[in-house]
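Trainee: Could you take me through this structure and show me how the labels are earned? I'd like to see each value set against its cut-off.

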Amino acid sequence: KFFNGVQMSEPLTKRTKLDEAQPTEIEVEIKSRDFTAKQEEEAGILQFKAIVNDGTPTNLRFLCELKEIFGTQLPKMPKEYIVRLV
């Protein structure tokens, strides 16, 4: 009923305390990416803005650029769906 200290009725994806001590490569990469983004935000390189479709030319330009980014990154997603999301 036990396999490597884990009871078999528990999901196999559950990590043991030994596993938590050593992060996987993916976890290290995500933490590194998050840390880099935080540093860029603090330095003023990266900004987060809430854009509202209020009809101003600046916001319309941002929304159109955002639509293009989604279209480029998700080529199989229908354009009509992207327009509804943005």
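Mentor: Sure, let's go label by label, keeping in mind that this is a predicted model.

Trainee: What is the overall layout, then, and in which order do the elements run from the N terminus?

Mentor: The protein chain has four helices and two strands. Their order from the N terminus is β-β-α-α-α-α. As for the surface, about 8100 Å² of the protein chain is accessible, and 58% of that belongs to carbon and sulfur atoms.

Trainee: How many of the residues count as buried?

Mentor: Of the 86 residues, 6% do.

Trainee: Why is N59 called buried?

Mentor: Buried means under 20% relative accessible area. N59 comes in at 16%, so the label fits. N59 belongs to helix α3, which covers residues 57-73. Setting aside neighbours within four places in sequence, N59 is in contact with I51, V52 and D54.

Trainee: What makes E65 and R61 a salt bridge?

Mentor: The test is a side-chain nitrogen of Lys or Arg within 4 Å of a carboxyl oxygen of Asp or Glu. Here the closest N and O atoms of E65 and R61 are 3.3 Å apart, and that passes. Both residues lie in helix α3, four residues apart, which is about one turn of the helix. A search of the whole structure finds one salt bridge.

Trainee: Are those two partners buried, partly exposed or exposed, and why?

Mentor: Partly exposed is the band between under 20% and over 50%. E65 has 39% relative accessibility, so it counts as partly exposed. R61 has 45%, so R61 gets that label too.

Trainee: How do you know that the charged end of R61 sits over the ring of F62?

Mentor: For Arg, CZ has to be within 6 Å of the ring centre and within 35 degrees of the ring normal. The charged end of R61 is 5.0 Å from the centre of the F62 ring, and the contact is classed as sitting over the ring.

Trainee: And how many aromatic pairs does the structure hold?

Mentor: Zero. To pair, ring centres would have to lie within 6.5 Å.

Trainee: Which residues make the nonpolar surface patch?

Mentor: L66, I69, F70, L74, Y81, L85 and V86 make it, over about 570 Å². The elements giving two or more residues are α3 and α4, the latter spanning 79-85. Helix α3 gives the most, with three residues.

Trainee: What makes L66 eligible for that patch, and why is it called partly exposed?

Mentor: Patch members need over 30% relative accessible area and no salt bridge. L66, in helix α3, has 36% relative accessibility, so it counts as partly exposed.

Trainee: One last case: why is A37 called partly exposed?

Mentor: Its relative accessibility is 30%, so A37 counts as partly exposed. A37 sits in helix α2, residues 25-43. The C-alpha atoms of A37 and Q47 are separated by 9.8 Å, with the two residues 10 apart along the chain.

Technical notes: Residues are numbered from 1 along each chain as its sequence is written. This is a predicted model: local features need pLDDT of at least 70, side-chain atom pairs count only at pLDDT 80 or more; totals for chains, interfaces and linings use all residues. Side-chain values use heavy atoms; hydrogens and water are left out. Buried means under 20% relative accessible area, exposed over 50%, partly exposed in between (1.4 Å probe, protein chains only). Contact means heavy atoms within 4.5 Å. Rings of Phe, Tyr and Trp (its six-membered ring) pair if their centres lie within 6.5 Å; planes under 30 degrees apart count as stacked, over 60 as edge-to-face and the rest as tilted. Patches are made of residues with over 30% relative accessible area and no salt bridge: like charges are joined within 9 Å, nonpolar side chains (Val, Leu, Ile, Met, Phe, Trp, Tyr) within 5 Å. Accessible areas come from the Shrake-Rupley method with a 1.4 Å probe; for residues, only the protein chains shown count as cover.
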